[in-house]
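Please find below my notes on the model you sent, set out as numbered points. They begin with the interior and work outwards to the surface.

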Amino acid sequence: VAITTRLLVSHLSGIRHYEKDITKVKEEKEKANRAFKLTKPYQDKEQKEKEEKGVEKTDSVKPRKEHEGEVKSRNSKPGRRDKEFEQEEYYLKEKFESVIESLKIFKNDPLFFKPGDQFLYSTYGFTLLSAVVERVSGQKFTDYMLKMFRDLDMLSTVLDDNEAMIYNRARCYVYNKKGRLVNAPYVDNSYKWAGGGFLSSVGDLLKFGNALLYSYQAGQFKNTNGKLLPGYLKTDTVAMMWTPVPKTEVSWDRDGKYAMAWAVVEKKQQYGCCRQQRHYASHTGGAVGASSVLLILPEELDSEAIDTGLVAPPRGVIVSIICNMQSVSLNSTALKIAREFDKEKWAQ
């Protein structure tokens with residue numbers, strides 16, 4: 001088989017995630033699909049009721065499963081663990097000196113399916129991707145990334161190195177089996193720098209989001225008389241990164257597809273005066289004792305404003321949330337916040 005970098009960034013490589021048993025992975029996928037099919041009639045009914053009551057049509061309907069999950073997390077007893085965090089490999093304590101060395105964890109394991117055939121979110125796929133970056137760049141992956149963070153002015157984004165003294169590093173927390181808040185267990189994330197090994201701040205993530213949004217929109221502003229600096233990435237590159245890839249799926253928003261290292265919901269409206277789906281890109285993060293999300297909602301640019309040069313990029317809303325608590329679902333909250341700011345802007 002052939003595994004390309006495009007397959008790696010879209011989680012279509014067939015490389016396993018933390019679960020080693022393909023049977024269990026298939027069972028979980030089937031359960032999720034059945035649950036979604038059962039909730040579809042409810043979603044349609046709920047949307048119809050909202051429209052009849054004159055509720056704002058721009059808000060997308062949240063799948064019942066996600067809604068019930070949020071209610072459950074608020075009302076249930078703490079201490080219930082996300083099944084994914086029951087995987088032993090989340091809690092590795094071994095120190096790896098390079099990303100090449102960390103490949104030994106999974107390099108001899110069989111692929112779960114033929115590359116390109118199915119979607120399976122894989123942190124180890126990104127470990128392999130980091131090894132590719134290391135070989136191509138001729139630098140250690142961590143050095144390469146830290147230089148990039150400096151270029152982006154993300155000076156608070158660093159390696160999650162347990163030994164280093166890191167200013168303002170937060171403690172992480174989990175609920176134990178008795179429902180008590182305790183410190184998260186010790187882990188060493190050197191085996192997965194690319195997939196979950198960096199520490200950052202809300203401010204740095206906002207800078208990262210702005211840099212991407214600027215790059216995405218810069219090419220659309222024609223009459224700026226050369227006043228606009230180029231984006232960190234080419235406009236076409238970001239557009240490609242935010243283009244949904246066939247056969248992919250997104251667990252945190254059923255309207256979305258996976259693109260290249262981002263989940264993307266496309267702009268869509270099937271019927272007049274009915275539900276509208278806004279274009280946005282996001283990604284959630286889950287680690288031992290921490291949860292996060294970065295969401296980018298590009299502004300729907302007016303062609304006249306673009307042509308006359310009355311506005312300049314970046315234009316849109318970026319939401320970043322980080323909390324030092326494990327297994328917190330944040331994407332729907334970030335989307336609500338983004339929509340409120342977007343709605344307020346248009347009201348002005």
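1. In this predicted model, the largest nonpolar core holds 43 residues, and the members that touch the most others are Tyr-124, Leu-212, Trp-242, Trp-262, Val-288 and Ile-296. Two or more residues are contributed to this core by each of helix 1 (5–9), helix 5, helix 6 (141–151), helix 8 (202–218), helix 9 (235–241) and strand 8. A second core, separate from the largest one, has 14 residues, among them Val-293, Leu-297, Met-325 and Ala-338. As a general background to both, nonpolar side chains tend to be buried together in soluble globular proteins.

2. Tyr-124 deserves a closer look, and one may ask which residues it is in contact with once its neighbours within four places in sequence are left aside. They are Ile-15, Arg-16, His-17, Tyr-18, Glu-89, Ile-105, Phe-106 and Tyr-191.

3. Strand 8 (residues 290–298) has 8 of its 9 residues buried, so the strand is largely enclosed by the rest of the structure. On one side of the pairing scheme, strand 7 (residues 280–287) runs antiparallel to strand 8 and is joined to it by 7 bridges, with Ala-281 having Ile-296 as its bridge partner. Strand 8 also pairs in the antiparallel sense with strand 9 (residues 316–323), over 8 bridges, and here Leu-295 stands opposite Val-319 of strand 9.

4. The hairpin formed by strand 7 and strand 8 has 2 residues between the strands, and within this hairpin Gly-289 takes a positive phi near 85 degrees.

5. Turning to the surface, Val-1, Ile-3 and Leu-111 together make a nonpolar patch of about 270 Å². Leu-111 is placed in the loop between helix 4 (99–102) and helix 5 (123–137). Is Leu-111 buried or partly exposed? With a relative accessible area of 34%, Leu-111 counts as partly exposed, because that class covers values between the 20% limit for buried and the 50% limit for exposed.

6. For the chain as a whole, the model has 11 helices and 9 strands, and 40% of the 348 residues of the protein chain count as buried. Where contacts are made between residues at least 6 apart in sequence, 66% of them join residues at least 24 apart. The accessible surface of the protein chain comes to about 20300 Å², and carbon and sulfur atoms account for 52% of that area.

Conventions:
Residues numbered from 1 in each chain as written. Predicted model: local features only at pLDDT ≥ 70, side-chain atom pairs only at ≥ 80, totals over all residues. Heavy atoms only, no water. Patch = residues over 30% accessible without salt bridge, like charges linked within 9 Å, V, L, I, M, F, W, Y side chains within 5 Å. Areas by Shrake-Rupley, 256 points an atom, 1.4 Å probe, with all protein chains shown as cover. Salt bridge = Lys/Arg side-chain N within 4 Å of Asp/Glu carboxyl O. Helix = DSSP H or I, 4+ residues; strand = E, 2+ residues; numbered from the N terminus. Buried < 20%, exposed > 50% of the residue type's maximum accessible area, 1.4 Å probe, protein only. Pairing = 2+ DSSP bridges. Core = buried A, V, L, I, M, F, W, Y, C linked by side-chain atoms within 4.5 Å. Contact = heavy atoms within 4.5 Å.
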